[in-house]
Amino acid sequence: MKTEKYKIYFFHIIEAIEKLELIAATTTKEEFLSDWLKQDAVLKNFIVIGEAISQIDEEIKQNFPEVDWRGAKSMRNFIVHEYFSVDNSFVWETIFETIPSFKIQVNTILNTLS
């Protein structure tokens, strides 16, 4: 399997995570909930993560079963298809509760592919 071509998608995921981290580090939850620009930026980066995941070969995903691939892709699908039902408080909490371990997992995969 050629894993080299999939590295770019992992780099896109890391870049999106770093943008989420930057917004979270410089914004309070109250500011986020009242600022549509920050909400749009956060939602866009969750979409990027989900889109990148959809491009990664299933064999690679199976080699890393500890990663919640389905959850990340589901987040993207919900944001895109149920946009008017998105709970921004949940999205904000996801940055703090899920993204840190997800970032570690993605970096581990990148190191494995290198």
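Select α1, residues 7–26, in this predicted model. The helix has 20 residues, and its first and last C-alpha atoms lie 29 Å apart, close to the 28 Å expected at 1.5 Å a residue. Next, display the side chains of Lys 7, Phe 10, Ile 13, Ile 14, Ala 16, Ile 17, Leu 20, Ile 23 and Ala 24, which are the buried residues of α1. Their packing partners are α3, α4, α5, α6 and α7, so a view that keeps these helices visible is useful for the remaining stops.

**Stop 1: Lys 7**

Remain on α1 and centre the view on Lys 7, which is placed in that helix. Is this lysine buried or exposed? With a relative accessible area of 13%, Lys 7 is buried, because the cut-off for that class is under 20%. Leaving aside residues up to four places away in sequence, Lys 7 touches Leu 110, Leu 113 and Ser 114. Of these contacts, Leu 110 and Leu 113 are among the buried residues of α7, and α7 is the next selection.

**Stop 2: α7**

Select residues 99–113, the extent of α7. At 1.5 Å a residue, the 15 residues of this helix should span 21 Å, and its end C-alpha atoms are indeed 21 Å apart. Colour Ile 99, Phe 102, Lys 103, Val 106, Ile 109, Leu 110 and Leu 113, all of which are buried. These residues lie on the same side of α7, because they cover an arc of only 125° around the axis. The spacing has a simple basis: an α-helix has 3.6 residues a turn, so residues three or four places apart point the same way.

Rotate to the other side of α7, where Ile 104 and Asn 111 are exposed. Then return to the buried side and show its surroundings: the cover over the buried residues of α7 includes α1, α3, α5 and α6.

**Stop 3: α6**

Proceed to residues 88–97, which form α6. Which residues of α6 are buried? They are Asn 88, Val 91, Trp 92, Thr 94 and Ile 95. Their arc around the axis is only 155°, which puts them on the same side of α6. The face turned away from that buried side carries Phe 90 and Glu 97, both exposed. Among the elements covering the buried residues of α6 are α1, α2 (29–34), α3, α5 and α7.

**Stop 4: Met 75 and Arg 76 in α5**

Select Met 75, which is found in helix α5. Met 75 is buried, at a relative accessible area of 12%. Beyond residues up to four places away in sequence, Met 75 touches Phe 46, Phe 90, Val 91 and Thr 94. A distance label from Met 75 to Thr 94 should read 9.8 Å, C-alpha to C-alpha, for a pair 19 residues apart in sequence.

Move to Arg 76, also placed in α5. Arg 76 is buried, with a relative accessible area of 13%. What does Arg 76 touch, not counting residues up to four places away in sequence? The contacts are Phe 46, Ile 47, Gly 50, Glu 51 and His 81. For a longer reference line, draw Arg 76 to Lys 19: the two are 57 residues apart in sequence and 16 Å apart in space, C-alpha to C-alpha.

**Stop 5: Lys 61 in α4**

Select residues 58–63, helix α4, and within it Lys 61. Lys 61 is buried, its relative accessible area being 11%. Apart from residues up to four places away in sequence, Lys 61 touches Ile 53, Ser 54, Ile 56 and Trp 69. A C-alpha to C-alpha label between Lys 61 and Phe 10 should give 12 Å, across 51 residues of sequence.

**Stop 6: the largest pocket**

Finally, display the largest pocket, which holds about 240 Å³ of space. Its lining comprises 14 residues, and those nearest the centre are Asp 68, Gly 71, Ala 72, Thr 94 and Thr 98. Which helices each supply at least two residues of the lining? They are α3 (36–55), α5 (69–81), α6 and α7. The largest share, four residues, comes from α7. Colouring the lining by class gives seven nonpolar, five polar and two charged residues.

Note on methods
Residues are numbered from 1 along each chain as its sequence is written. This is a predicted model: local features need pLDDT of at least 70, side-chain atom pairs count only at pLDDT 80 or more; totals for chains, interfaces and linings use all residues. Side-chain values use heavy atoms; hydrogens and water are left out. On a 1 Å grid over the protein atoms alone, a cavity is a set of points where a 1.4 Å probe fits but cannot get out, and a pocket is an open set with protein on both sides within 12 Å along at least five of seven lines; lining residues have an atom within 4 Å of a point. Grid points are joined across faces, edges and corners, and a volume is the space filled by probe spheres set on the points. Ala, Val, Leu, Ile, Met, Phe, Trp, Tyr, Cys and Pro count as nonpolar, Asp, Glu, Lys and Arg as charged, and the others, Gly among them, as polar. The expected span of a helix is 1.5 Å times one less than its number of residues. Buried means under 20% relative accessible area, exposed over 50%, partly exposed in between (1.4 Å probe, protein chains only). The arc is that of the directions from the helix axis to the C-beta atoms. Contact means heavy atoms within 4.5 Å.
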